[in-house]
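Student: I would like a close look at the cysteines in this predicted model, and at the chain that surrounds them. Could you take me through that part in one connected account?

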Amino acid sequence: MNTKRPAAVLFDMDGLLLDTEVTLKRIWQREAALLGFDLDDAHYAHLVGVPNVLCEQKLMRWFKDFPLDEFRRNWKAAREAERRTAAIPPKDGALEMVLWLEGQGVPMALATSSSREAVERNREAWPELFRFAATMTVEQVERPKPDPDIYHRASACLGVRAADCVVFEDSNPGMRAAIASGARAIMVPDLAVPEDDVRRGAAAMYPSLSRALLMREEWF
């Protein structure tokens, strides 16, 4: 692997820095079941790393007469109830990775398919994790992941090219965006099984950010 020091490191958020994907999967499957729809694991795999608005479009295609408005109200209320009970925890190694990169003087940016509201909610819970010089959310791009636009825009905010950056991602759509941007795309899979094109295009894959940090001589 090219081990040239990256000009910046760009991160996805859900399922990479925070253990949100597992929580959201449980909530969506439960709320769909309560409405009489079986959102099984095979279907849900196609929603990982995809913006909510596109996920909702998939639900409407998969299930006849799906009550989208009711489902949306219910899952958001359930998520908020869980958030009040306990903050969603960081993923293994996330805090250590961010602090180490900060200590190395490497600029960092967040590039997420989630909303600005979700970012601010998570920043409030974990200010020590959200130490980014730039943040790019789904509202700021016309074409979300797997389009590379979000990574080009995030790197431009830092005054560097995406091709000179390292990107950490956990999903197949996110990895496709990172690879298409020209960055060194590193996958830390969460719920998603890496697909063949992602395996071919990935600069590296690690089981956790802790492992990626331990093996940093391979990518830094």
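Tutor: Let me begin with the surface of the chain, whose accessible area comes to about 10200 Å², with 50% of that area belonging to carbon and sulfur atoms. Buried residues make up 50% of the 220 residues in the chain, and Cys-55 counts as buried because its relative accessibility is 3%, where the cut-off for buried is under 20%. Cys-157, by contrast, is exposed, because its relative accessible area of 51% lies over the 50% that the term requires.

As for bonding between cysteines, the number of disulfides in this predicted model is zero, the criterion being a pair of cysteine sulfur atoms within 2.5 Å. Cys-157 is accordingly in no disulfide, and the nearest cysteine sulfur to it, that of Cys-165, is 11 Å away.

Turning to the chain around these residues, it has 10 helices and six strands. Its radius of gyration is 17 Å, close to the 17 Å that the globule rule gives for 220 residues, so the chain is as compact as a globular protein of that length. Along the principal axes, the C-alpha atoms fill a box of roughly 50 × 35 × 30 Å. Among contacts with a separation of 6 or more, 63% are between residues 24 or more positions apart. Finally, the chain carries 29 positive and 34 negative charges, and the mean positions of these two groups are 3 Å apart.

Key: Residues numbered from 1 in each chain as written. Predicted model: local features only at pLDDT ≥ 70, side-chain atom pairs only at ≥ 80, totals over all residues. Heavy atoms only, no water. Buried < 20%, exposed > 50% of the residue type's maximum accessible area, 1.4 Å probe, protein only. Helix = DSSP H or I, 4+ residues; strand = E, 2+ residues; numbered from the N terminus. Rg over C-alpha atoms; globule rule 2.2 N^0.38 Å. Contact = heavy atoms within 4.5 Å. Areas by Shrake-Rupley, 256 points an atom, 1.4 Å probe, with all protein chains shown as cover. Lys, Arg positive; Asp, Glu negative; His and termini not counted. Charge placed at Lys NZ, Arg CZ, Asp CG, Glu CD.
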